[in-house]
Each structure stands twice: as C-alpha cells, then as structure tokens.
Amino acid sequence: MTERPVPASELYTDEFAADPYPSYARLRADRPVCPVSSPRFDSYLISRFDDARTALTDPRLSKDLYGPGQHYLRIFGPNSEGLNKNMLNSDPPEHTRLRRIVSQAFAPRRIEALRPRVAEIVDTLLDRIVPRGGCDLMRDFAIPLPMLVISDLLGIPESDHERVLDWTQVIRTSGSANRSPEKDRAAVQEAQLRLHQYLTDLVQDKRAHPADDLIGALVDACDRDGELSEQELVTTTFLLLFAGHQTTADFIGNATVALLTHPDQLELLLASPELLPSAIEELLRFDGPLPVASPRIATEDIEYQGVCIPRGSVVGVAINSANRDPEHFADPDRLDVRRERAPHIGFGYGVHYCLGVSLARMEAQIGLGTLLRRLPGLRLGVPVAELRRLPAASPFRGLLELPVRFAA
Ligand code: HEM
C-alpha cells in the first residue's frame, strides 16, 4: 500500500513543539507507520511500541550511514565523516568493535566510582544558584552538569569548556536561532569544523602528553593495539562528548518541567526521596529528550502494519510516541512516579542501546534529587506555554531556556 506523506506543515508545528503527544496518539491510532516530510529529511515514522521495538532490532534496518548508498548525505550532509562516522552510525561488526573499546569505561561499577565527583559538581553549580532566588536552569545547571561530567571523563581541560559548549550548543539549537536557514546551516557547519579541529588537536596533545583519561585510553587503543583508526579516535570522542551531555541536559530540563507542572507528583517525590530511581524512569518515559531514535535505512522493501517501506528509505522510530502507547502502558498520559516498572525504550533497544545509561541515571538521580532538596519552593519563572523550546523538527526534545524561581 502506498501512503500519502504527512507534510511538515501538518506535523512539525509550534503546537507540536509545545506538546507532541496528541499528534503521536493520532498517528498511533490511524497511521502507525507513515511517511513524513520534515525540514531535515523525509522518513517513515514508526509510532507504536511493539513495532518500535521490532524495528530497533530489525536487521533489515541498517545504521551504516557511511556505507554503500552514502545515506549520510541526506541526513548529515557532506564532510560529516570527521565527526559522525562512529558506532551509532554503523552496523556490526564495525559497531561491535567500536563499542567494545569504550564499553569498559561505562560499565556500572566504573560509573559508580564517579558518584562523589558528580555530587561535587552538582553542589558547586547549586552553590552559585542558591543565593540568587532564580536562574535559567538550562544555562546554569542542566547543560553544565553533564558537560562537566563527560569532560572530566574524557579529559577535556577546563579552560576549553566554554568554547566546546558554544560549538555543541550551536549544533543542538540548530533551527531555533533567529537566522535564515542558509545562515543556520553555515553556523552549524562552522561549529562542526571548529569542533573537529579542536578534537583532532586534543587527541594529538594527549598523544604527546599521555593522560589517564578516556581519550588517553582511546589513543592507546589506536597506537598500541591498532584497534581504532585515527578518524575513529576523533569520531568516538565526538560521539561520547555529544551523546554524553545533550540528552542528559534536555532530560533534566524536561523532567523538571514535568514535576513542576504535576505538583502532586513533585510532593510525593519530596516526601519519599527513595522513589527517585523509579521516578527517573517514569520521567524519561513521560517526556524523553530523544523523541525519535537516530535514523535507520531500509536495506530492502519491508512491510510494517501493511505499509511498504521502500528500500533506501530513512526510518525513524518514534521513541516518545512508543513510550505513551496505551497498549503497553496503562493510562500513558498520566505522570505517575509510583508507576509499576514497565520497560520503556527511552534508552533505546537492541545493539545500539544507550552506552551511557548508568552514567545518565546517576547524573539524573543526583542532579534532580539535590536540586529539589536545595531549591525549596522551586517553581516556573514563566507560564509553561511561554517556555522557549527547540524547534518541532529538532532531533532533540528540550528547552532553550528554563526560567525558575525559588526561595533564596
Ligand atoms: C538521559 C540521558 C540519555 C538518554 C535519554 C539517552 C538515550 C539514548 C538512546 C535512545 C540511544 C539509542 C539511539 C538509537 O538507537 O538510535 C542512545 C545511544 C547512545 N548513548 Fe545515550 N542517552 C543518554 C545519555 C547518555 C550518556 C550520559 C552517554 C555517555 C557517553 C551516552 C552515550 C550514548 C552512546 C555512545 C550511544 C550509542 C550506542 C551505540 O551506538 O551502540 N548517552 N542513547
């Protein structure tokens, strides 16, 4: 069956950016697999939970964007190999090799050892915020927290944090600045070029001055063991840096808004902090930062829900829609921090399941837990409808700013 594409003007509206969940509900009910046009690229969107999980492990859906077909051209554009030809955009056996090299560093036991350092970073950031009675929680807390943690882990010197953050923010907020699409594309390309040059130089610096950090370990894997090429060294560093802070930052922002707009749930959590780990999972299910999994490519004509997805199509798995599927979650639009554990796919599924899941959970638990404890009377600084968000078609779901007030 050939399906009429949903035009970008119908789906990616300002209303969708503010609250995409009614549109997702309509898609799940009427068009669970459908072609959609977006300002970025056209794709087939899969919106039901069972189909989403099947698609994330379907070997006919490839992640090898840099293989035959050069699918990356449609998705990232030319000259993107230097940053994006990494494990997330590859299939086994390359994916297995690239993931194995770094997976040790993200093992739960290793991550647990970082707990005191994460707590210290959280307290330092909050020490600056607490006396002020109000702040932009994205700028002052949600973005710097995971950025400082992943920079520590990788070994990015503190003196470079500001410019690295500037470049990654240009990439994250693409489409939202007051710029023409051409100027926006040029700004993103410029930020990518600078970040690429910076990471290439940093790797050389670590080679000249061996360091006991994750980039140092990757240099070893490249030079001593020959497990990584020079390009893979840089693309892996970029992936860990980018994936390691954007999603966590947006998650902390989204979770804070969800709690502040559901005061009964916030009260429950304040009264019973032991609910925090399960609340984090529920908040991720409720409004996650990665609404659609990274693009997959159909390697042959495939059928889902009676719809033919032609060979060569880009396929998006709508994680945030799947996580609200009533077939899988009772009363899915209700935020319930005491919800019985129901496995969501906020961290993905299959071989590309989030490598940083333990770190993300720990940062969110310490970050949100301490934030709620140390900022009594926390409330939104503007009505929820006035919050400035990333554009509807952004690959991320998050806030540009999160003004909050609290008792100083
Ligand atoms: C709340 C925070 C986070 C969320 C919601 C999240 C979510 C995800 C999801 C859904 C995927 C799978 C994408 C796909 O299949 O297309 C993924 C992959 C990945 N994540 Fe996370 N992530 C978070 C934090 C982190 C952190 C802190 C790191 C640390 C470095 C990280 C590193 C990665 C990497 C390297 C991959 C690619 C794994 C692979 O291709 O095998 N993530 N993440």
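**Two sheets, one long-range helix partner and an iron site**

S4 and strand S10, the latter covering residues 403-405, pair in the antiparallel sense over 3 bridges, and within that pairing Gly 134 has Arg 405 of S10 as its bridge partner. I should say at once that what we have on the screen is a predicted model, so please take each value that follows as computed from that model.

Staying with this sheet for a moment, it is an open one of 3 strands, in the order S4-S10-S9 and with antiparallel pairing. The edges are formed by strand S4 (134-136) and strand S9 (379-380), each of which pairs on one side only.

There is also an open sheet of 5 strands, and here the order reads S1-S2-S8-S5-S3, with mixed pairing. Strand S1 (33-36) and strand S3 (61-62) stand at its edges with a single partner strand each, so one side of each is left without a neighbour in the sheet. Inside this sheet, strand S2 (residues 43-46) and strand S8 (residues 314-317) run parallel and are joined by 3 bridges, and Tyr 44 finds its bridge partner in S8 at Val 315.

Let me turn now to the helices, and to H19 in particular. Helix H11, residues 144-154, packs against helix H19, residues 357-374, at an angle of about 135°, and the two axes lie 11 Å apart. Why do we call H11 and H19 oblique to each other? The angle is about 135°, and angles over 145 would count as roughly antiparallel while 65 to 115 would count as roughly perpendicular, so the pair falls into the oblique class. The crossing of these two helices is right-handed. On the H11 side the contact is made by Leu 145, Pro 146, Val 149, Ile 150 and Leu 153, and on the H19 side by Leu 359, Glu 363 and Gly 367. Sorted by class, this contact of H11 with H19 comprises 6 nonpolar, 1 polar and 1 charged residues.

H19 also meets helix H15 (residues 230-260), and there the axes come within 10 Å and cross at roughly 40°, which makes H15 oblique to H19. This crossing, too, is right-handed. H15 contributes Thr 248, Phe 251, Ile 252, Ala 255, Thr 256 and Leu 259 to the contact, while H19 contributes Ala 360, Glu 363, Ala 364, Leu 368, Leu 371 and Leu 372. By class, the contact of H15 with H19 has 9 nonpolar, 2 polar and 1 charged residues. If you follow Glu 363 through both lists, you will find it in the contact with H11 and again in the contact with H15.

Next, the metal. Which protein atom serves as donor to the iron atom of the ligand? The iron has a single donor from the protein, namely SG of Cys 354, at 2.3 Å. Cys 354 itself sits in the loop between helix H18 (319-322) and H19, the helix whose packing against H11 and H15 I have just described.

I will finish with two details of the backbone. Pro 92 and Pro 93 are joined by a cis peptide bond, with omega at about 5°, and Pro 93 is placed in the loop between helix H6 (81-84) and helix H7 (94-103). Gln 70, although not a glycine, has a positive phi of about 45°, and Gln 70 belongs to the loop between S3 and helix H5 (72-75).

Note on methods
Residues are numbered from 1 along each chain as its sequence is written. This is a predicted model: local features need pLDDT of at least 70, side-chain atom pairs count only at pLDDT 80 or more; totals for chains, interfaces and linings use all residues. Side-chain values use heavy atoms; hydrogens and water are left out. Axes are lines fitted to C-alpha atoms, for helices over the stretch in contact, and angles run from 0 to 180 degrees between N-to-C directions. Helices (H or I, at least four residues) and strands (E, at least two) are DSSP runs, numbered from the N terminus. A crossing is left-handed if the near helix is turned anticlockwise from the far one by less than a right angle, and right-handed if clockwise. Contact means heavy atoms within 4.5 Å. Ala, Val, Leu, Ile, Met, Phe, Trp, Tyr, Cys and Pro count as nonpolar, Asp, Glu, Lys and Arg as charged, and the others, Gly among them, as polar. Donors are N, O and S atoms within 2.8 Å of the metal (3.2 Å for Na, K and Ca); water is not among the atoms, so sites may look incomplete. Two strands pair if DSSP finds at least two bridges between them. Angles under 35 degrees count as roughly parallel, over 145 as roughly antiparallel, 65 to 115 as roughly perpendicular and the rest as oblique.
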